[in-house]
Amino acid sequence: MLRTKLFRTTLALAAVLALACALPGGASAAKVLKYSDHDPSGGLRTKFYKEVFLAEIEKQTEGRIKIQDFWGGALLSAPEALQGIGDGVADMGMVYADFNPKQLLLHQGFKVFPTGPGD
């Protein structure tokens, strides 16, 4: 549990730093990034993303980055996500790796381990 929380925190901070580095130093207007997710908001994962992850990006950048979120496939469906993000339709989003086995080849290695390690 602690490792999962640490991993998520590290991932969030890395994303914030990467996004913050992309901003020009003297920018006064907020940069708006589009986030696309194929699941509807309100579920466990999507609620975490909306209330914690995306909110933390805005907080850590002191409002220099705003997130416009699109849920339930409103912007990109699950099969379209990887290509759509690459094409700039969205700046970031949830990519379901099983729809892109050729592009995300290394992710397929996780299928070798059907369950995680026992405690």
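This passage describes the fold of a predicted model and the surroundings of selected residues.

The protein contains 3 helices and 3 strands. Along the sequence, these elements follow the pattern α-β-α-β-α-β. The chain has 119 residues, of which 21% count as buried. Its accessible surface comes to about 8,500 Å². Carbon and sulfur atoms account for 62% of that surface. Contacts across the sequence were also examined. Among those between residues at least 6 apart, 60% join residues at least 24 apart.

The 3 strands form an open sheet. Their order is 2-1-3, and the pairing is parallel. Strand 2 and strand 3 are the edge strands, each pairing on one side only. Strand 3 covers residues 92-93. Strand 1 spans residues 31-36. Strand 1 pairs with strand 2 over 6 bridges, in the parallel sense. One of the residue pairs across this junction is K31 of strand 1 with I65 of strand 2. On the other side, strand 1 and strand 3 pair over 2 bridges, again in the parallel sense. Here Y35 stands opposite M92 in strand 3. Backbone hydrogen bonds are the means by which strands of a sheet pair, whether parallel or antiparallel.

Helix 2 covers residues 44-60, and strand 2 covers residues 65-70. Strand 1, helix 2 and strand 2 together make a β-α-β unit. The unit is right-handed. Helix 2 lies across strand 1, strand 2 and strand 3. Relative to strand 2, the helix runs at about 160°.

L54 illustrates the contacts made from this helix. The residue is found in helix 2. Its relative accessible area is 4%, so L54 is buried. Leaving aside residues up to four places away in sequence, L54 touches Y35, Y49, I67, D69, W71 and M92. Y35 and M92, the residues that stand opposite each other between strand 1 and strand 3, are thus both among the contacts of L54. I67 and D69, also in that list, fall within strand 2. The C-alpha atoms of L54 and Y35 are separated by 8.7 Å. Along the chain these two residues are 19 apart.

T61 follows in the loop between helix 2 and strand 2. With a relative accessible area of 0%, T61 is buried. Its side chain makes polar contacts with the backbone of two residues. A polar atom of the T61 side chain lies 2.8 Å from the backbone oxygen of I57. The T61 side chain also reaches the backbone oxygen of E58, at 3.3 Å. Both I57 and E58 belong to helix 2, which spans residues 44-60. The side chain of a loop residue is in this way linked to backbone oxygens of the preceding helix.

Helix 3 and the segment after strand 3 were considered next. L82 is found in helix 3, which covers residues 81-86. At 25% relative accessibility, L82 counts as partly exposed. Beyond residues up to four places away in sequence, L82 touches V95, N100, Q103 and L104. M94 provides a distance across this region. The C-alpha atoms of L82 and M94 are separated by 8.4 Å, and the residues are 12 apart along the chain.

V95 lies in the segment after strand 3. V95 counts as partly exposed, at 26% relative accessibility. Not counting residues up to four places away, V95 touches A81, L82, I85, N100 and L104. A81, L82 and I85 of this list lie within helix 3. N100 and L104 are touched by V95 and also by L82. V95 and P79 are 16 residues apart in sequence. Their C-alpha atoms are 8.2 Å apart in space.

Q108 is also in the segment after strand 3. Its relative accessible area is 17%; residues under 20% are classed as buried, so Q108 is buried. Leaving aside neighbours within four places in sequence, Q108 is in contact with A97, D98 and P101.

Key:
Residues are numbered from 1 along each chain as its sequence is written. This is a predicted model: local features need pLDDT of at least 70, side-chain atom pairs count only at pLDDT 80 or more; totals for chains, interfaces and linings use all residues. Side-chain values use heavy atoms; hydrogens and water are left out. Helices (H or I, at least four residues) and strands (E, at least two) are DSSP runs, numbered from the N terminus. Buried means under 20% relative accessible area, exposed over 50%, partly exposed in between (1.4 Å probe, protein chains only). A polar contact is a pair of N or O atoms within 3.5 Å; within protein, one must be able to donate a hydrogen and the other to accept it, and residues adjacent in sequence count only if both atoms are side-chain atoms. Two strands pair if DSSP finds at least two bridges between them. Contact means heavy atoms within 4.5 Å. Axes are lines fitted to C-alpha atoms, for helices over the stretch in contact, and angles run from 0 to 180 degrees between N-to-C directions. A crossover is right-handed if, with the strands pointing away from the viewer, the path from the first strand over the helix to the second runs clockwise. Accessible areas come from the Shrake-Rupley method with a 1.4 Å probe; for residues, only the protein chains shown count as cover.
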